[in-house]
Amino acid sequence: MNVPAPAGIATLVAYIATIPAANLAVTHIGALPVGFGNTAPAGVYMAGLALVLRDLAREAAGRNAILVAITAGTVLSYFLADPSLAIASAAAFAVAETLDFLVYEPLRRRGLLIAMLASNAIGLIADSLLFLKLAFDSYAYLPGQILGKTWMTLAAVAVLALLRRRKNSTTLFGSQA
């Protein structure tokens, strides 16, 4: 088994942490506004961030590490947050992850950000539908869930694009010196 580099381990740890953090937010905060008059369970922002971290962790550590990370995050959630939320979250993450693999892997050749945006679009819809059904038996928060996760995905992808641009300009500038 290949051991991921420190950056890969850090990304995996951050990804794992988003799972109980999302469930703790739902348990202790409730619903939050996400824009355009919509609300969503407070964990929506952490769940949206998890989608991006999952792709980054997969790049750094591989597919199997992500499946282990989902399990670890679920176990932490089960003990730290409401167990029913942890189970709903685990089921939603597992289904979203499966769909994400189907979209992400073929698109990865076109670039990380393209694969991430497309797979997250599918993943956030699947995750939202399943989580809301299992956790609340309602789709009342669906527009807010989709919007909140989209905000986080777009923000994270924008940061990654800026970091990539900065790295490329630093590399170019450094090579001219």
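Me: Two strands pair if DSSP finds at least two bridges between them, where strands (E, at least two residues) and helices (H or I, at least four) are DSSP runs numbered from the N terminus. Which residue in β2 stands opposite Gly 35?

Reply: Residues are numbered from 1 along each chain as its sequence is written, and side-chain values use heavy atoms, with hydrogens and water left out. The model is predicted, with pLDDT of at least 70 needed for local features and 80 or more for side-chain atom pairs to count, while totals for chains, interfaces and linings use all residues. Strand β1 covers residues 31-35 and strand β2 residues 38-41, and the two run antiparallel, joined by four bridges. Across from Gly 35 in β2 stands Asn 38.

Me: Which residue in the hairpin of β1 and β2 takes a positive phi?

Reply: The hairpin has two residues between its strands. Most residues other than glycine have a negative phi. Here a residue that is not a glycine has a positive phi of about 55°, and the loop between β1 and β2 holds this residue, Phe 36.

Me: Is Phe 36 buried or exposed?

Reply: Burial goes by relative accessible area, computed with a 1.4 Å probe on protein chains only: buried is under 20%, exposed over 50%, and partly exposed in between. The relative accessible area of Phe 36 is 72%, so this loop residue is exposed.

Me: Where does Asp 137 lie, and what is its relative accessible area?

Reply: Asp 137 is also not a glycine, yet it has a positive phi of about 50°. It belongs to the loop between α5 and α6. The residue counts as exposed because its relative accessible area is 54%.

Me: How many cavities of 30 Å³ or more are counted, and what volume does the largest cavity have?

Reply: On a 1 Å grid over the protein atoms alone, a cavity is a set of points where a 1.4 Å probe fits but cannot get out. Points are joined across faces, edges and corners, and the volume is the space filled by probe spheres set on them. The count comes to one cavity, and the largest cavity holds about 110 Å³.

Me: Which elements give two or more residues to the lining of the largest cavity?

Reply: There are 14 lining residues (an atom within 4 Å of a point), and Ala 22, Asn 23, Ala 47, Asp 127 and Phe 131 are the closest to the centre. By type, the lining has eight nonpolar, four polar and two charged residues; nonpolar here means Ala, Val, Leu, Ile, Met, Phe, Trp, Tyr, Cys and Pro, charged means Asp, Glu, Lys and Arg, and the others, Gly among them, are polar. The elements giving two or more residues are α1 (6-28), α2 (44-61), α4 (83-107), α5 (112-136) and α6 (142-176).

Me: What distance does α2 reach from its first C-alpha to its last?

Reply: The expected span of a helix is 1.5 Å times one less than its number of residues. For the 18 residues of α2, the expected value is 26 Å, and the helix comes close to it, reaching 25 Å.

Me: Which residue follows α2?

Reply: Along α2, the buried residues include Ala 47, Leu 51, Arg 54, Asp 55 and Arg 58. After the helix comes a residue with a positive phi near 100°, Gly 62.

Me: Which backbone oxygen does the side chain of Thr 74 reach?

Reply: Thr 74 sits in helix α3, residues 63-80. It counts as buried because its relative accessibility is 17%. At a distance of 2.8 Å, its side chain reaches the backbone oxygen of Ile 70.

Me: What separates the C-alpha atoms of Ala 155 and Leu 49?

Reply: Ala 155 is in helix α6, and with a relative accessible area of 38% it is partly exposed. Along the chain, Ala 155 and Leu 49 are 106 residues apart, and their C-alpha atoms are separated by 9.0 Å.

Me: How far apart in space are Ile 114 and Leu 134, C-alpha to C-alpha?

Reply: Ile 114 is part of helix α5 and is partly exposed, at 47% relative accessible area. In sequence, Ile 114 and Leu 134 are 20 residues apart, and in space their C-alpha distance is 30 Å.

Notes:
1 Å grid on protein atoms, 1.4 Å probe; cavity = no way out; pocket = protein on both sides within 12 Å on 5 of 7 lines; lining within 4 Å. Polar contact = N/O pair within 3.5 Å; in protein donor to acceptor, adjacent residues only side chain to side chain.
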